[in-house]
Every structure is written in structure tokens, then in C-alpha cells.
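Thanks for making time this morning. I would like to take you through one structure, a piece at a time, and I will put it on the screen now so that you can follow along.

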Amino acid sequence: MKNPTIMITGTHGFVGARAVQHYPDAICVPSELVRAAGEALTDFIKVHNPDIILNAAAISDIGVCEKNPEASYAANVKLPVLLADAANCVNAKLISFSSDQVYTGCTEEGPYRESDVLPTPANLYARHKLEAEERVLAISPDAVLLRATWMYDMPMYAHANRGNFLLNTIGAVLQGKELCFSSEEYRGITYVRQVVEQLDRVFDLPGGVYNYGSENSLHMLETVQSLLHALGTAYRVQDTERRRHNLWMDCSKIKQQGIYFDTTTDGFRRCLNDYGYNMIV
Ligand SMILES: NC(=O)c1ccc[n+]([C@@H]2O[C@H](COP(=O)([O-])OP(=O)(O)OC[C@H]3O[C@@H](n4cnc5c(N)ncnc54)[C@H](OP(=O)(O)O)[C@@H]3O)[C@@H](O)[C@H]2O)c1
């Protein structure tokens, strides 16, 4: 799509803020319209007539969702459903973030492909994300739902202080805290800048659900060790030897569409390199 008019929701969030930085001409939907998710939002979309609606708004904290199920339903299901309806009205394409959490209850070894594994969400946030995927695609088959992995960056924006894998690990090392990870769990973890940089190509994807982010063939213990190695420290990590869940995604569907991410380990190096930050001890 050449020079699409892009509209973004959740513009103060972790992903949304970076999307706005990447697309400085994008139309930012005011927070209060997004949070109310009513007629005024639909009217705003009709007035601005975007080609792409990028939905980065959500209640993305699993614990907050569990404690506030109605608020989670409003933000994580009703909002994307309303955006799908509005996208249809103006003939726009909706790109909305889902999550690898939809695989939380899966017991297969993995890695999981979208077509081979029936997602079995094991928490409320993930159930709502899965419901949103299904309902959005029923309304707008052209919509794209991105099952994003856990993402990280260095602090830069308003929500910068929220923990992420990179900051949590660096913080633990600097404070001498114990680091515990499991040799039984697998998941990809992705540099958010790459998530945003790939969006141009996402706009041209056929409608559907996509695993979206860095693949990772290392278990979590090895993953954190690879980050520590990139940071230049031999800090010790304990193996919990316990599997809570496996969120191991196979991203070949998106690769077939020409969208490639660094591996999780290469992503750590890219991020540290971008910030000129490579030694903590
Ligand atoms: N961060 C991750 O590691 C991760 C991993 C997997 C999937 N995801 C998904 O990726 C998307 C972006 O996540 P994020 O980390 O950027 O989330 P975030 O930092 O929590 O930001 C989400 C934004 O959503 C808006 N929002 C908050 N409460 C809302 C509500 N009740 N109703 C409507 N909008 C509300 C806010 O936008 P304003 O500030 O503009 O009001 C907020 O800044 C979400 O769909 C999330 O589920 C994130």
C-alpha cells in the first residue's frame, strides 16, 4: 500500500508510542475516545477516513485483567470489535495486536503454528484476546491480528518504567537479585523497534491471524544466559526446572509473507547495540 493514511490507537502505550514515532504523520486517536469505545470513536474514524487503523490500545497487564474482567472485556474485545465495524464502514484495514498468551494452556511441545495448534488460553486476558481475534475476523476478514511475543526496549517513553525482559534482567544483575528461569519453558521475546519497523509490510498482509515476533529455539534458562553473555556478565541463573506455560511460536506463516525478525538472541544484540550499551560489569 503506497502512502496509506494511518490512524493509531493506544498512542501513549509501549507499542503505540513507538508506532507514532515511526509514523509521525499518523492520526492519533485521542485516549478518551478510545477508552469510551463508543459512537464518538466511530464518528472520528468516519471523519478521518483512514486506510489503516492500527490498534495498539489494550489492557495488556494480565493481573489487571484478572482483577477487572469487565474493563478487560471492554478494552480487549469490545474495542477491537468496534474498530472492525468502523474499518468496514470506511473500507480501512484493521491491524490489531493479539498475544502469544493465547497459547498459555497448550500442552504440545511446540513451536506452535497458527494452523496446527488450537489455542487454549489459560488466563482471562488471553481468553479475551482470542475472542477478539475470532470476532474481528468474522466482521472484517481482511483484518490482521498479530500474536505478539513479550517485547522489550530501553526506557524512553511515558510507560518506560514498566518491566520488560531486558530491563528486569539488567535490574536484577545490578541489584544482585536472584535470577530464576526454567529449562522447561520456551518463548520468543522481541525488540519492540523491530515490531514497529515491520508494520509497513504488515499493512499488505492478507487478513488473518499471525504469530508475530522473534523466534527462539533456546529454553528460557539459555535465553537469559544469552542476554547476560551479550551484556558481558557471567551472572548466575537458577533453573526452576518447572514449566508454567510454553509460548513457543513458529513464525513461518509471516516469514512466507516476507516478514523476518531477528532471532531472540540477535534481537538482544541489536537493541544493546542501538543504545550503545553492552557492558554492565
Ligand atoms: N508489551 C508487550 O510485551 C506485549 C506482548 C504481547 C502483546 N501485546 C499487545 O500489544 C498491544 C500493545 O501493548 P502495549 O504493551 O503497548 O500496552 P500498554 O503499554 O499497556 O498500552 C496500551 C494503551 O492502551 C490504552 N488503554 C489503556 N487502558 C485502556 C482501556 N481501558 N481502554 C482502551 N484503551 C486503553 C492506553 O492508551 P493511551 O495511553 O493512549 O490512553 C495505553 O497506553 C496490546 O494489544 C497488547 O495486548 C503487548
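**A helix, a pocket and some backbone details**

Let me begin where one helix ends: directly after H3 comes Asn49, and its phi is positive, near 50°. Please keep in mind throughout that what you see is a predicted model. Asn49 is not a glycine, and yet its phi of about 50° is positive, which is worth pausing on because most residues other than glycine have a negative phi. As for its place, Asn49 sits in the loop that runs between helix H3, residues 39-48, and strand E3, residues 52-55. With a relative accessibility of 44%, Asn49 counts as partly exposed.

Now to the helix itself, and to the question of which residues of H3 are buried. They are Leu41, Thr42, Phe44 and Ile45, and because they cover an arc of only 160° around the axis, they lie on the same side of H3. Glu39 and Val47, by contrast, are exposed on the other side of H3. The buried residues of H3 pack against several elements, namely strand E1 (6-9), strand E2 (27-28), H2, E3 and H5.

Since E3 is one of those partners, let me stay with that strand for a moment and point out Asn55, which is found in it. Is this asparagine buried or exposed? At 2% relative accessibility, Asn55 counts as buried, the cut-off being under 20%. Leaving aside residues up to four places away in sequence, Asn55 touches Thr9, Leu79, Pro80, Leu83, Leu94, Ile95, Ser96 and Phe97.

A second asparagine with a positive phi is Asn91, where the angle is near 60°, again in a residue other than glycine. Asn91 is placed in the loop between helix H5, residues 69-90, and strand E4. With a relative accessible area of 71%, Asn91 is exposed. The C-alpha atom of Asn91 is separated by 9.8 Å from that of Ser140, although the two residues are 49 apart along the chain.

While we are on the backbone, please look at Gly110 and Pro111, which are joined by a cis peptide bond with omega about 0°. For comparison, most peptide bonds are trans. Pro111 is found in the loop between E4 and H6.

Let us turn to the ligand, which is surrounded by 26 residues, the closest being Val15, Ser31, Ser60, Tyr125 and Lys129. Which side chains, then, place an N or O atom by a ligand oxygen? One is that of Ser60, at 2.8 Å from an oxygen atom of the ligand; another is that of His12, at 3.0 Å; and a further one is that of Arg35, at 3.1 Å. The protein covers 89% of the 890 Å² of accessible area that the ligand has on its own. The elements that each give two or more residues to this shell are helix H1 (14-22), helix H2 (31-36), strand E4 (93-99), helix H6 (124-139) and strand E6 (150-152). In its make-up, the shell divides into 13 nonpolar, 10 polar and 3 charged residues.

Helix H1, which is among those elements, also holds Arg18. This arginine is buried, with a relative accessible area of 4%, and a polar atom of its side chain lies 2.6 Å from the backbone oxygen of Phe14.

Finally, I would like to show you helix H7, residues 165-175, whose buried residues are Phe165, Leu166, Thr169, Ile170, Gly171, Ala172 and Val173. Among the elements that cover them are E6, strand E7 (180-181), strand E8 (189-191), helix H10 (220-231) and helix H12 (264-274), and E6 is an element that we have just met in the shell around the ligand. At the start of H7, a side-chain oxygen of Asn164 reaches to within 3.1 Å of the backbone nitrogen of Leu166. At the other end, H7 is followed by Gly176, whose phi is positive, near 70°, just as H3 is followed by Asn49 with its positive phi near 50°.

Conventions:
Residues numbered from 1 in each chain as written. Predicted model: local features only at pLDDT ≥ 70, side-chain atom pairs only at ≥ 80, totals over all residues. Heavy atoms only, no water. Near = heavy atom within 4 Å. Polar contact = N/O pair within 3.5 Å; in protein donor to acceptor, adjacent residues only side chain to side chain. Areas by Shrake-Rupley, 256 points an atom, 1.4 Å probe, with all protein chains shown as cover. Helix = DSSP H or I, 4+ residues; strand = E, 2+ residues; numbered from the N terminus. Nonpolar A, V, L, I, M, F, W, Y, C, P; charged D, E, K, R; others polar. Buried < 20%, exposed > 50% of the residue type's maximum accessible area, 1.4 Å probe, protein only. Arc of directions from axis to C-beta. Contact = heavy atoms within 4.5 Å.
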